[in-house]
Amino acid sequence: MRAPVRFAVLTLLSVLAACQKPAPAASGGVAIPGAGGVQRPAGLWVERVSDSHGVTVTRYCLDAGADSRLSYLGRQLNGRCAKHDMAQAADGSWHFSTACDMGAWGKVSTEGVIRGDFTSHYTVDAQSQTVGAKAADIDGPRRIRADLRRVGDCPSGMKPGDVALPGGGEATVDQFSAPA
């Protein structure tokens, strides 16, 4: 996975892990990484991430176990954050602000908003500032927009935990790891 794509995925996981407030659960779903009791249904989720490097599309086949492993990664990343504020607004959106030391990926401050129902579709709009990254294309300000949508059941050939990466690569949620 190229560095900007991996960085965007890690940034989104750390943002979602910042949510410590319990929220209502939907029956039969799986947990949103770090989002208290918010649940999202098992199935095929498509994540479109756009930033100054372009648009990438990642597909995740999730069930409770796979999403739990993503949640665990999010909690690991959250452990790198000196600041992880999140509050639900009156309109149901979640406003967040994080400051995290991502090691070789630099010190990252992110602010933004998450909107949606977490059961079929939600978006993350964030402004991020990175300093001290070893990769020059990561350092500096970055605007990230992620659109996550459940599109149905996982297709044949994909099992829970499988990830279809941008550019045709394949992985599993277990292969995602926090940067050193």
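Student: Where is the place of Gln-175, and does this residue count as buried or exposed?
Tutor: This is a predicted model, in which local features need pLDDT of at least 70 and side-chain atom pairs count only at pLDDT 80 or more, whereas totals for chains, interfaces and linings use all residues. Residues are numbered from 1 along each chain as its sequence is written, and side-chain values use heavy atoms, with hydrogens and water left out. Gln-175 is found in the segment after strand E11 (170-172), where helices (H or I, at least four residues) and strands (E, at least two) are DSSP runs numbered from the N terminus. Since buried means under 20% relative accessible area, exposed over 50% and partly exposed in between (1.4 Å probe, protein chains only), the 54% relative accessibility of Gln-175 places it in the segment after E11 as exposed.

Student: What distance separates the C-alpha atoms of Gln-175 and Val-163?
Tutor: Val-163 is the bridge partner of Tyr-60, and it lies in E10. Along the chain, Gln-175 and Val-163 are 12 residues apart, and their C-alpha atoms are separated by 9.6 Å.

Student: What is the order of the strands in the open sheet of nine strands?
Tutor: Two strands count as paired if DSSP finds at least two bridges between them, and the pairing in this sheet is antiparallel. Strand E5 (81-88) and E11 each pair on one side only, which makes them the edge strands. Reading across the open sheet, the order is E5-E6-E7-E8-E9-E3-E4-E10-E11.

Student: How many bridges join E3 to E4?
Tutor: E3 and E4 form a hairpin with two residues between them, and these strands run antiparallel. Individual positions show the register, with Ser-50 opposite Val-55 and Leu-44 having Cys-61 as its bridge partner. On its pairing with E10 (residues 162-164), E4 has two bridges, whereas the number joining E3 to E4 is nine.

Student: Which elements give two or more residues to the largest nonpolar core?
Tutor: A nonpolar core is a set of buried Ala, Val, Leu, Ile, Met, Phe, Trp, Tyr and Cys residues joined through side-chain atoms within 4.5 Å. This one has 21 residues, and Leu-62, Phe-96, Ile-114, Tyr-122, Val-124, Leu-148 and Val-163 touch the most other members. The elements that give two or more residues are strand E3 (43-51), strand E4 (54-62), helix H2 (64-78), strand E6 (94-101), strand E8 (121-131) and strand E9 (140-152).

Student: Which cysteine does a disulfide join to Cys-61?
Tutor: A disulfide is a pair of cysteine sulfur atoms within 2.5 Å, and two are found in the whole structure. Cys-61 is buried at 0% relative accessibility, while its partner is partly exposed at 24%. The torsion about the S-S bond is about 110°, so this disulfide is right-handed. Because Cys-61 lies in E4 and the other cysteine in the loop between E9 and E10, the link ties together parts that are 93 residues apart in sequence, and with S to S 2.0 Å the partner is Cys-154.

Student: What is the pairing of the bonded cysteines, numbered in sequence order?
Tutor: Besides the link from Cys-61 to Cys-154, a disulfide joins Cys-81 to Cys-100 with S to S 2.0 Å, and it is right-handed with 90° about the S-S bond. Cys-81 in E5 and Cys-100 in E6 are 19 residues apart, and they are buried, at 9% and 6% relative accessible area. Numbered in sequence order, the bonded cysteines have the pairing 1-4, 2-3.
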